[in-house]
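Okay, thanks for making time, everyone. I'll put the structure up and then walk through a few parts of it.

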Amino acid sequence: MKKDVVIIGASDVGISAALRIRELDQSIKPLVIADNKFPNFSICGIPFFIGGEVKKSSNLAHRKEKDLKNAGMELLLETKVEKVVPDEKKIIAVNNKGTQEIYYDNLVLGTGGVNIEPAISGLELPEVFFMRWMDDAISFDNFIKENQPQKAAVIGGGYVGLEMADALKKRGLEVTVLEFMDSVLTTVNPRFRKLIKDKLENEGIEVILNTEVKNIEKIESGLKISGSNDLKLKVDTAVVSVGTKPNSFLAEGTELAINERGAFKVNKKMQTSIKDIYAGGDCAETLDFLTENYRYYALGTVAHKHGRIIGSNICGKESYFDGSIGTQSIKLFDQVISRTGLNEKEAEEAGFDPISTEITADDHKAYYPPAYKTYIKVIADKDSRQIIGAQILGSYHAEISKRIDIFAAAIYNQMTVEKFSQLDLSYTPPLSSPWDPVQKAVQQLELEF
Ligand SMILES: Cc1cc2nc3c(=O)[nH]c(=O)nc-3n(C[C@H](O)[C@H](O)[C@H](O)COP(=O)(O)OP(=O)(O)OC[C@H]3O[C@@H](n4cnc5c(N)ncnc54)[C@H](O)[C@@H]3O)c2cc1C
């Protein structure tokens, strides 16, 4: 079989690339291959399905299979691509009907990430789950329905681990978060980390820090988890979430370059080291907009952009990825934590001279209750006076994620603190103030120069 465009991966990168191709050139019918039967599902929504806020797993489909076909792509599901042979411009794909060779003009690698598996014995036990694919989510949901577990451990206090802790609590379980580091959510500043830990504990979640899980053992009444600091915890189930690494095994035996972390190396056009092979999303490295270094950002937002740029370039519309600033929001119970850009340490390492401030402000005029206390940290570079990072924590009702997006837009447009104050942001008392809290934070920072 020969195809103009073959895309490996039917998730954010793969489908974004295919949709862009169809927008720009209706004569191309991309072939999208996935090794599961869930094309274009929002895996970001898995914690909300487990928590019961999303009622059916099928609701997590961004688009249904028939919508993808109607959009003009061909789907080959439950088919694993086992090898890429760039010299012959072909891939080797295997499914239950056998093995097939598919030739391409352009190939897209959107193979995503895989779970980092920590050195813990017992990860293979049926009561232990990783949360990456729809299969994982459906199996875990069935396990909860069938076995009615009472107690769960979440191993890993990063954002997915904390979203899962929230979900399991909503599902009625007692939850313990086990974290190796001295804090949960180390991507935000120490004050926010403490506020998040307090919040989790106030919601009844036990948080155990500085503790390395070493062993999960099956006992008569569930699982026994043991580790450093004399950890001995009895639970009925455990979720392991300690991070993502690139799924780049298809580089083996090819000249496809990968970095020290295993991510496909790409240029700004998202081409790999082989010109007609593109890669993006969790399997590839990501250019950092501020530092101009390559990093690893396993984020759906980044993957969508990579896919669109790949689609454009395949159709001859030159398109370049400017870089990510790692903008991200997380909802935990009634709180939202958002971040964008660099923290002070990253800024210093990148050669900036960071200066920062933190403020607490009402999200809108307090005379229109309820107003919510909002914590804002903002970082600028002393020399250029440009904003280079921000973090916000506050109520789900306080538009935290859209406020961080104001900072993200400012950083992307290299705005100075003075320009930021000139931004013409909207105001009505139930939603903001004449100076939005983000502007108040930047005006406070201006005084520190
Ligand atoms: C629980 C969870 C919550 C998340 N929440 C957020 C969030 O709130 N915000 C955010 O921005 N990001 C979030 N993310 C990250 C986001 O989901 C990923 O960054 C994004 O899905 C990456 O997209 P991708 O297309 O690169 O790869 P993936 O979504 O990982 O998809 C990879 C695709 O490749 C296919 N595949 C892989 N290998 C092969 C092969 N050999 N042959 C055939 N097919 C193959 C798979 O079947 C799949 O279709 C979350 C991730 C998880 C796991």
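So, in this predicted model, let's start with the open sheet: 5 strands, antiparallel pairing, and the order is β20-β21-β24-β23-β22. Which strands stand at the edges? Those are β20, residues 328–332, and β22, and each has a single partner strand, so one side of each is left without a neighbour in the sheet. From one strand to the next, the twist averages 10°.

If you zoom in on the β20 end, β20 and β21 pair in the antiparallel sense over 5 bridges. To give you one position there, Q328 stands opposite R339 in β21.

Now the helices on this sheet. α9 packs on it and touches β20, β21, β23 and β24, that last one being residues 387–395. The direction of α9 makes about 175° with that of β24. Then there's α11, which also packs on the sheet, touching β22, β23 and β24, and its direction makes about 140° with that of β22.

How do those helices sit against one another? Well, two packed helices are described by the angle between their axes and the distance between the axes. For α9, residues 400–412, and α11, residues 437–446, the angle is about 50° and the axes are 10 Å apart. That makes α9 oblique to α11. On the α9 side the contact is made by R403, I406 and F407, and on the α11 side by P437, V438 and V442. By class, you get 5 nonpolar residues, 1 charged and no polar ones in that contact.

While we're around here, have a look at S338, in strand β21, which spans 335–341. Is S338 buried or exposed? Buried: its relative accessible area is 0%. Its side chain has a polar contact of 2.7 Å with the side chain of S329. Leaving out residues up to four places away in sequence, S338 touches Q328, S329, A390, Q391, I392, I400, S401 and I404. And remember that α9 runs over 400–412 and β24 over 387–395, if you want to place those neighbours on the picture.

Okay, over to another strand, β15, residues 237–240. In a regular strand the side chains alternate between the two faces of the sheet. In β15, T237 and V239 point one way, A238 and V240 point the other way, and all of them are buried. β15 pairs with β8, residues 128–130, in the parallel sense over 3 bridges, and there V128 has A238 as its bridge partner. β15 also pairs in the parallel sense with β9, residues 151–155, over 4 bridges, and in that pairing V154 goes with V239.

Last bit: a few backbone oddities in loops. The peptide bond from P369 to P370 is cis, with omega near -5°, and P370 is in the loop between β22, 354–362, and β23, 373–381. So that loop links two strands of the sheet we began with.

Then two positive phi values. E78, not a glycine, has phi near 45°, and you'll find E78 in the loop between β3, 74–76, and β4, 80–85. D230 isn't a glycine either, and its phi is about 60°. D230 is in the loop between β13, 222–227, and β14, 231–235. At 63% relative accessibility, D230 counts as exposed.

That's my tour. Over to you for questions.

Technical notes
Residues numbered from 1 in each chain as written. Predicted model: local features only at pLDDT ≥ 70, side-chain atom pairs only at ≥ 80, totals over all residues. Heavy atoms only, no water. Buried < 20%, exposed > 50% of the residue type's maximum accessible area, 1.4 Å probe, protein only. Axes fitted to C-alpha atoms, helices over the stretch in contact; angles between N-to-C directions. Parallel < 35°, antiparallel > 145°, perpendicular 65-115°, else oblique. Contact = heavy atoms within 4.5 Å. Nonpolar A, V, L, I, M, F, W, Y, C, P; charged D, E, K, R; others polar. Pairing = 2+ DSSP bridges. Polar contact = N/O pair within 3.5 Å; in protein donor to acceptor, adjacent residues only side chain to side chain.
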